[in-house]
Amino acid sequence: MNQGPGSGLAAVSSALLAMSRHLEVRDVLKTIVASARELLDAQYAALGVPDDHGGFAQFVVDGVSDAQWKAIGPLPRQHGILAAMLHEARPERLADVRKDPRFEGWPSAHPDMSDFLGLPIRDGDETIGALFLANKRCPKPEGSCGFTEEDEELLSILAQHAAIALTNARLYERSRELTIAEERSRLAHELHDAVSQKLFSLRLTAQAAARLVDRDPSRAKGELQQVAALAAEAADELRAAVVELRPAALDEDGLVATLRTHIQVLDRAHSASVSFAGQGVRALPAAQEEALLRVAQEALHNALRHSGAQTVDVTLDRRGGGAVLRVTDDGSGFDPQTVRRAGRHLGLVSMRDRASGVGGTLTVESAPGKGTTIEMEVPGG
């Protein structure tokens, strides 16, 4: 095998580990392309994911600047040799892609490319992507391809692992979509139960006040005060539910800002005092940040809806390369052993699943009448 900058078992191992580290499809695509270009010492690399119409739904490049890519224009659709890679699903190693009969030219801003190596990324019989490299950085006689048979074998290994990484990322994103749908369904049920009960009580109390207004005005006044209190509680329930249903702006704002905003709204929506302190926390992988946010939301939900707490404190601190989340309330508390035997009460099982799913741990400290502390720690990414 050639001894370019990216050759060697260590380089291959690093590339495979990098691919398996990401869970978002776009991150996986970018890592595959960058790894391929570095390993085979090519000037350009690209990866296309097919759509259902014979073109590309996604197209990721490496070795082309953002300004250059913007100038090139829209994603390639039925684009000569690239589209052929999806349909014919076989390796292509060409001395000069411009001389191939399937070549259809490229936009004026497109970089000039000559020698070419392309491989399909396959999951069973399905082609789920096509990986391309161009302009091998090496001396090459006129009319010959810089990419070797050994390069093709190495790229084939990378493509096989890329198929696994890409499939896993797609499954993760699908799983996350289902989780979000389940969260929304749960919140919708809770919203319906809580607000329906409040409105039913509100209706009965208003009817009682109407009957009393003539014969017992003082009692009617008391009933109307109860109407006002019930209406305020219903508004609180609605406000809190809207906060939980609104997608968290993790990508734009980060975990600390998202938690702070969420807790500020909860503090306004509930009679309990809800506070947040967080500083010095580094950005974490997206999956870890989402897990921390969801556990915080579940713990806050328990404290505010079930424990009767007057004070709830949330902290997020750096610990090593990772972070530790702590949600403490002064509510009624419970016996963790009894809850563990009772199954999914208070969402503790789902919280533990979220923590373990991102390599973290979750601990619960509580006792009847002593409040509750839920702590989740995640390692650095």
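How many disulfides does the structure hold? The count is 0. Keep in mind, as you go through these close-ups, that this is a predicted model.

**View 1. Two cysteines that don't pair up.** Here are cysteine 138 and cysteine 145, and the closest cysteine sulfur to that of cysteine 138 is the one in cysteine 145. Why is there no bond between them? A disulfide needs its two sulfurs within 2.5 Å, but these sit 8.2 Å apart, so they are too far for a bond. Looking from cysteine 145 gives the matching answer: its closest cysteine sulfur is in cysteine 138, again at 8.2 Å. Are these residues buried or partly exposed? Cysteine 138 counts as partly exposed, at 27% relative accessibility, and cysteine 145 is partly exposed too, at 23%.

**View 2. Helix H8, wrapped up by its surroundings.** Helix H8 runs over residues 286-305, which makes 20 residues. At 1.5 Å a residue it should span 28 Å, and its end C-alpha atoms are indeed 28 Å apart, so the two agree. Now check what's around it: 18 of the 20 residues of H8 are buried, so the rest of the structure largely encloses this helix.

**View 3. The largest nonpolar core.** This core has 37 residues, and the ones touching the most other members are Leu259, Val312, Leu316, Leu325, Leu362 and Met376. Several elements give two or more residues to it, including helix H7 (250-269), H8, strand E7 (311-319) and strand E8 (322-329). Which element gives the most? That's H8, with 10 residues.

**View 4. Zooming in on leucine 325.** Set aside the neighbours within four places in sequence, and see who else leucine 325 is in contact with. Among them are Leu259, Leu292, Val295 and Ala296, along with Val314, Leu316, Ile374 and Met376. The list isn't purely nonpolar names, either: Thr315 and Glu375 are also in contact with leucine 325. Apart from this core lies another one, of 32 residues, with Met19, Ala42, Leu47 and Val60 among them.

**View 5. A cluster of aromatic rings.** Phe59, Trp69, Phe116 and Phe132 come together as one aromatic cluster. The count of aromatic pairs comes to 3.

**View 6. How sure is the predictor?** The mean pLDDT of the protein is 81, and 84% of its residues reach 70 or more. Residues 1-6 are another story, with pLDDT below 50. Beyond near neighbours in sequence, that stretch has 9 contacts in the model.

Key:
Residues numbered from 1 in each chain as written. Predicted model: local features only at pLDDT ≥ 70, side-chain atom pairs only at ≥ 80, totals over all residues. Heavy atoms only, no water. Buried < 20%, exposed > 50% of the residue type's maximum accessible area, 1.4 Å probe, protein only. Helix = DSSP H or I, 4+ residues; strand = E, 2+ residues; numbered from the N terminus. Expected span 1.5 Å × (residues − 1). Core = buried A, V, L, I, M, F, W, Y, C linked by side-chain atoms within 4.5 Å. Contact = heavy atoms within 4.5 Å. pLDDT = per-residue confidence, 0-100. Phe/Tyr/Trp six-rings, centres within 6.5 Å; stacked < 30°, edge-to-face > 60°.
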